[in-house]
Amino acid sequence: MSRKRTTTIGSALAGALLLAGCGAEVDADPQAEGTSKKVTVKRCGEPVTYTTPRRAVVYEGGSADKMFSLGLTDHVKGYVMPPANPPVSESPWAREYAKVRMLSDDLLNKELVVEAKSDFVVAGWNSGFSDQRGITPQILDKLGIQSFMHTESCFNYPKYPQKVTPFKALYSDLDRLGRIFHVEKKADEVVGGLKKRVAAVESKAPEGDRVPVFLYDSGTDQPFTAGSQVPPNDIIKSAGGKNIFDGLDERWTQVNWEAVAKAEPEVVIIFDYGDMPAKKKIDFLKKSPHTRELPAVKKNNFFVLDYNEGISGPRNVDGLEKFGKYVRELKR
């Protein structure tokens with residue numbers, strides 16, 4: 001997920017546990033058999049040939065969740081989890097996290113990956129992977145380390161961009177990972193389950209005018225919010241709402257308070273992460289002259305979206321189910 005900052009249970013849990021419940025049958029290590037089993041899969045818009053990885057390093061909850069949901073825990077060497085992320089003990093895949101090492105609570109870097117003797121790194125562009133921090137797919141290619149990027153983050157990837165709506169990007173990632181690890185059947189099952197859950201929420205969305213929704217990530221002088229290229233946009237849309245900034249062809253982006261006020265949002269989604277609890281953000285919106293007169297604020301219409309429900313991963317659908325219920329019960 002492209003972030004400006006540096007740190008960046010009901011039916012939902014039942015669905016998540018269903019995804020993780022049965023481990024995928026992964027082919028035996030082709031190298032151990034003296035063979036070289038390869039497959040060509042796109043990394044953003046670039047065709048890349050992969051050999052089945054055995055020592056994956058995954059960055060943030062979305063990457064780990066995608067691997068765990070496909071039953072690929074045994075292929076994960078460890079995870080990197082910056083402080084912005086909620087505790088892994090709260091994850092539907094907490095048992096899977098417990099089976100692998102936490103390698104760092106800082107940002108992803110090349111030295112960590114090399115030290116772990118990783119053969120595969122899963123992260124997003126401009127978050128885990130970064131030109132500024134010296135860890136990119138091209139750099140890892142030269143080191144003989146394979147890499148995979150979240151399709152949702154490929155929007156502005158140099159030379160090989162790919163623009164896909166966020167939910168379709170999630171399905172694409174699971175499909176591509178399924179092919180890389182030769183667990184296509186498991187990937188089909190997981191994607192099929194997610195699509196059914198999304199369709200169920202969409203079928204119950206309220207009719208009539210869509211409720212205008214503002215996602216508040218952070219910022220006091222200027223707000224940081226979600227454009228059309230990140231999962232909350234699809235969460236809002238599938239639930240029956242309208243992201244007031246869905247016209248911005250961006251991922252996570254900075255706007256101004258005047259634009260927020262002009263849109264008159266009836267609901268504010270609070271993106272919950274890191275060292276600034278949702279309550280503090282709500283308190284700020286209630287006191288700020290920029291926002292205290294907004295319809296959503298005056299009516300106390302706040303919905304808290306967990307960090308891992310807002311970045312690309314299977315928990316996007318958990319967030320959708322919760323927000324869909326919220327929208328259906330909203331009094332306008």
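Colleague: Is R43 buried or exposed in this model?

Modeller: In this predicted model, R43 has a relative accessible area of 1%. Buried means under 20%, so R43 counts as buried.

Colleague: Which residue forms a salt bridge with R43?

Modeller: R43 pairs with E46, and their closest N and O atoms are 3.1 Å apart. E46 is buried as well, at a relative accessible area of 15%. The pair also belongs to a network of salt bridges that links R43, E46 and D141.

Colleague: How many salt bridges does the structure hold?

Modeller: There are 15 salt bridges. One of them joins K99 to E96, with 3.5 Å between the closest N and O atoms. Here the partners fall in separate exposure classes: K99 is exposed, with a relative accessible area of 59%, whereas E96 is buried at 15%.

Colleague: Where do D249 and K163 lie, and what does the pair tie together?

Modeller: Begin with the contact itself: D249 forms a salt bridge with K163, and the closest N and O atoms are 2.8 Å apart. D249 sits in the loop between strand 10 (241–243) and strand 11 (252–254), and K163 in the loop between strand 7 (146–149) and helix 6, so the salt bridge ties together parts that are 86 residues apart in sequence. As for exposure, D249 is partly exposed, with 36% relative accessibility.

Colleague: Now to empty space. What shows where it is left?

Modeller: The general idea is to roll a probe the size of a water molecule over the atoms, which shows where empty space remains. In this structure, the second largest pocket holds about 250 Å³ of space.

Colleague: Which residues lie nearest the centre of the second largest pocket?

Modeller: Its lining has 15 residues, and T165, P166, F167, D234 and K237 are the ones nearest the centre. Helix 6 (166–180), helix 7 (184–203) and helix 8 (231–239) are the elements that each give two or more residues to this lining.

Colleague: How do the residues of that lining divide by class?

Modeller: The lining of the second largest pocket divides into five nonpolar, five polar and five charged residues.

Colleague: And which residues line the second largest cavity?

Modeller: The second largest cavity is lined by M81, N85, P86, P87, V88, S91, Y97, N308 and R315. About 30 Å³ of space lies inside this cavity. By class, its lining has five nonpolar, three polar and one charged residues.

Conventions:
Residues numbered from 1 in each chain as written. Predicted model: local features only at pLDDT ≥ 70, side-chain atom pairs only at ≥ 80, totals over all residues. Heavy atoms only, no water. 1 Å grid on protein atoms, 1.4 Å probe; cavity = no way out; pocket = protein on both sides within 12 Å on 5 of 7 lines; lining within 4 Å. Points joined across faces, edges and corners; volume = space filled by probe spheres on them. Nonpolar A, V, L, I, M, F, W, Y, C, P; charged D, E, K, R; others polar. Helix = DSSP H or I, 4+ residues; strand = E, 2+ residues; numbered from the N terminus. Salt bridge = Lys/Arg side-chain N within 4 Å of Asp/Glu carboxyl O. Buried < 20%, exposed > 50% of the residue type's maximum accessible area, 1.4 Å probe, protein only.
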